[in-house]
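Please open the structure in your viewer and keep the selection tool at hand. The tour below moves from one whole chain to single helices and then to a few individual residues.

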Protein chains: 2
Amino acid sequence: MPATFFHLDHPPIGSTVRTTMSKTLFDIVSDFPYYEEAPARFTETLKSYHAFKVQGIDATLGYIPNTLVRSIRWPKEHWMIDMGAIVLIKPPDNAASTRTQFIQDAINRMIEAGYTGILKGWRNERFPVYGPDGDVILEIERSASALFGIVTSGVQMLCYVKDVNGIRLWIAKRSMQKQTYPGMLDCTAAGALTVGESPRSAMILEATEEASIGRQIIENGMRYVGSISYFHMKDSSIALSEQASRPVLLPEVEYLFELQLDEGTVPRPKDSEVEDFRLWNVDQVLDALGRGIFKPNSAVVVIDFFIRHGVITPETEPMYEEIIRRLRRQLPFPTAERSA
Amino acid sequence: MPATFFHLDHPPIGSTVRTTMSKTLFDIVSDFPYYEEAPARFTETLKSYHAFKVQGIDATLGYIPNTLVRSIRWPKEHWMIDMGAIVLIKPPDNAASTRTQFIQDAINRMIEAGYTGILKGWRNERFPVYGPDGDVILEIERSASALFGIVTSGVQMLCYVKDVNGIRLWIAKRSMQKQTYPGMLDCTAAGALTVGESPRSAMILEATEEASIGRQIIENGMRYVGSISYFHMKDSSIALSEQASRPVLLPEVEYLFELQLDEGTVPRPKDSEVEDFRLWNVDQVLDALGRGIFKPNSAVVVIDFFIRHGVITPETEPMYEEIIRRLRRQLPFPTAERSA
């Protein structure tokens with residue numbers, strides 16, 4: 001029998017393994033319905049949201065829960081509400097900075113209306129919102145972005161050790177002091193990609209700051225392994241405010257990197273973001289995935305890693321294609337085509 | 001610098017290579033628009049087709065060009081035409097075989113109306129059409145399936161040799177006598193997956209019959225590497241009939257296999273399907289892809305192989321994610337979830 005080409009360093013992960021988990025791998029990646037698989041459910045779901053648009057730009061940029069649209073004032077000189085859409089009127093100067101200011105005014109009214117989660121999470125970092133031509137047409141404060149349902153971007157890296165016993169991953173445990181997902185498991189290093197950052201330089205910064213890995217090691221060994229795109233729905237109970245009775249919609253693009261480390265290179269917490277790092281084998285990581293103790297957008301990155309490294313294969317995972325489909329989802333929004 | 005994990009046996013294929021080609025890799029995989037990326041274009045395109053439905057089954061099963069719908073009679077006791085859909089009425093016995101007969105009657109009327117390509121391609125093989133629950137709800141003669149725009153299935157295998165110089169692929173050249181795509185390049189072995197066949201046994205049969213590879217070699221070394229799904233549009237000029245003024249829609253699911261061969265194992269034509277086999281290196285295959293001389297649904301299989309084997313990577317291919325997205329497309333039809 002010829003040697004298999006690039007994988008099977010590990011015992012295959014069959015359905016018997018997965019039945020001991022509370023979540024299947026597909027449960028982890030599955031979320032907002034596709035129009036193609038369920039047009040009626042897709043349309044029904046979207047009835048609870050207003051499409052967020054900008055006058056003169058032919059695209060939906062996000063989705064705002066109807067409850068939120070109704071709970072604040074949208075001044076008629078800046079906003080049109082019509083046919084299930086909320087449209088930011090073209091400002092006289094047609095400038096991104098002016099649109100950003102009108103968005104900020106709306107965010108301030110949300111805070112006044114009781115959406116205090118925005119303030120708690122405030123970081124003074126803004127996400128860019130792209131138009132169909134790849135231009136940044138406005139910017140939104142990071143902690144309010146979920147309420148607009150815009151596409152956000154981030155970078156994530158998994159460091160790993162590989163030897164005759166197979167692959168082990170450096171998994172981070174988030175600090176209990178983190179505002180979001182305290183105590184949950186995470187990739188080795190990760191961060192948001194805010195205005196003006198390139199994926200590669202943002203990733204290098206996060207890896208040196210969060211995991212204390214030497215800059216030279218990172219720059220020599222870090223590989224860009226593609227981006228994933230998916231569409232997460234987050235229950236209002238854990239959303240920014242109790243008042244949003246519908247889940248917020250979180251479409252995301254994550255730029256992924258990986259870095260093979262020698263046994264002797266050990267990530268260590270540096271800032272207060274990470275409690276510890278543990279070097280886990282495949283079974284330990286799969287078990288943690290099944291128990292749902294990974295931060296959701298880190299869990300999907302781990303699954304993508306396992307697919308690329310042949311741990312999850314079509315011969316053993318019946319939902320293999322569905323999982324890939326969800327991880328490289330065609331989002332119904334413009335996204336930047338950034339190279340890493 | 002740590003060794004890369006599973007690829008880069010070959011020089012990276014950058015955009016400089018691709019600009020010498022007439023077709024980019026993305027051109028090859030891109031076809032029918034996604035609703036999510038272009039709702040208006042999607043809706044506009046579908047105006048030229050009737051959705052093919054079966055009464056009592058809540059799904060679109062295919063798309064029939066309007067010109068074809070208008071060119072034959074659809075007896076009122078068996079068919080309803082309404083709101084851009086053509087619906088096969090539930091027969092009194094609600095049997096798949098009865099529905100199959102009504103479809104066959106319609107196909108006969110198409111042949112009488114001049115769609116003689118159906119007869120030329122006739123093979124007495126039927127494709128199953130699945131409902132949302134995975135049941136076969138009717139069957140359609142293979143040579144007429146494109147006119148109904150139903151999802152068809154096939155199996156394809158690439159055999160390859162791997163040594164210190166990298167990977168070489170066993171590429172088949174189709175016989176000039178083939179009804180479809182004569183003289184074009186193909187995977188090592190391929191075939192349709194018609195009613196009652198399993199992907200693995202169909203693949204073994206094709207590989208022994210078309211490529212004369214020993215059954216023992218195939219069974220020991222053949223690996224299932226997942227299915228791809230995509231949505232091809234085929235110009236009417238090469239469609240089954242000149243009368244279809246619109247492209248026919250060809251959604252497909254292909255079950256993919258690969259088999260690493262020793263230098264000494266050489267595929268040889270056996271039946272009249274294949275003219276010759278050539279052992280080509282990566283550059284030769286990429287060049288042929290760019291020149292558009294691969295059969296379209298074999299070209300996409302070669303691209304998937306190159307992605308899995310690290311020849312096409314996110315570091316060198318700017319449309320990497322888009323290509324994956326197109327190859328694992330969420331089709332707007334029910335498909336069987338077959339394991340190989």
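Two residues are said to be in contact when heavy atoms lie within 4.5 Å. Keep in mind throughout that this is a predicted model.

**Chain A as a whole**

Begin by selecting chain A and colouring it by secondary structure, which comes to 12 helices and 13 strands. Counting only contacts with a separation of 6 or more, 69% of those in chain A join residues that are 24 or more positions apart. Of the 340 residues in this chain, 61% are buried, while the area that chain A exposes is about 13,900 Å², with carbon and sulfur atoms supplying 48% of it.

**Helices H10, H11 and H12 of chain A**

Next, select residues 296–308 of chain A, which form helix H11, together with residues 320–327, which form helix H12. Their axes are 11 Å apart and the helices pack at an angle of about 125 degrees; H11(A) and H12(A) therefore count as oblique to each other, and H11(A) passes H12(A) in a left-handed crossing. To see the contact itself, show the side chains of Val300(A), Ile303(A), Asp304(A) and Ile307(A) on H11(A), and those of Tyr320(A), Ile323(A), Ile324(A) and Leu327(A) on H12(A).

Keep H11(A) in view and add helix H10, residues 282–290 of chain A, whose axis comes within 11 Å of that of H11(A) and crosses it at roughly 140 degrees. Because of this angle, H10(A) is also classed as oblique to H11(A), and the crossing of the two is left-handed. Here the contact is made by Val282(A), Val285(A), Leu286(A) and Leu289(A) from H10(A), and by Ala299(A), Val302(A), Ile303(A) and Phe306(A) from H11(A).

**Ile303(A) and the nonpolar core**

Which residues does Ile303(A) touch, leaving aside those up to four places away in sequence? Selecting Ile303(A) and its surroundings should bring up Leu25(A), Ile28(A), Val29(A), Leu289(A), Ile312(A), Ile323(A) and Leu327(A). Widen the view to the largest nonpolar core, which has 73 residues, and look for Leu289(A), Ile303(A), Phe306(A), Leu289(B), Ile303(B) and Phe306(B), the members that touch the most others. In soluble globular proteins, nonpolar side chains tend to be buried together.

**Helices H10 and H11 of chain B**

Now move to chain B and select helix H10, residues 282–290, with helix H11, residues 296–308, which pack at an angle of about 140 degrees with their axes 11 Å apart. H10(B) and H11(B) are therefore oblique to each other, and their crossing is left-handed. The residues that make this contact include Leu289(B) of H10(B), along with Ile303(B) and Phe306(B) of H11(B).

**Single residues to finish**

Return to chain A and select Ala146(A), which has its place in helix H7, residues 145–148. Is Ala146(A) buried or exposed? Its relative accessibility is 16%, so Ala146(A) counts as buried. Measuring from its C-alpha atom to that of Val69(A), 77 residues apart along the chain, gives a separation of 14 Å.

Finally, go to Asn124(B), in the loop of chain B between helix H6 (117–120) and strand S5 (126–130), where the residue is exposed with a relative accessible area of 66%. Asn124(B) is not a glycine, yet its phi is positive, at about 55 degrees. Tyr181(B), also not a glycine, has a positive phi of about 50 degrees, and is found in the loop between strand S8 (166–174) and strand S9 (185–186) of chain B. Most residues other than glycine have a negative phi.

Methods
Residues are numbered from 1 along each chain as its sequence is written. Chains are lettered from A and ligands numbered from 1 in the order in which they are written. This is a predicted model: local features need pLDDT of at least 70, side-chain atom pairs count only at pLDDT 80 or more; totals for chains, interfaces and linings use all residues. Side-chain values use heavy atoms; hydrogens and water are left out. A nonpolar core is a set of buried Ala, Val, Leu, Ile, Met, Phe, Trp, Tyr and Cys residues joined through side-chain atoms within 4.5 Å. Buried means under 20% relative accessible area, exposed over 50%, partly exposed in between (1.4 Å probe, protein chains only). Helices (H or I, at least four residues) and strands (E, at least two) are DSSP runs, numbered from the N terminus. Accessible areas come from the Shrake-Rupley method with a 1.4 Å probe; for residues, only the protein chains shown count as cover. Axes are lines fitted to C-alpha atoms, for helices over the stretch in contact, and angles run from 0 to 180 degrees between N-to-C directions. Angles under 35 degrees count as roughly parallel, over 145 as roughly antiparallel, 65 to 115 as roughly perpendicular and the rest as oblique. A crossing is left-handed if the near helix is turned anticlockwise from the far one by less than a right angle, and right-handed if clockwise.
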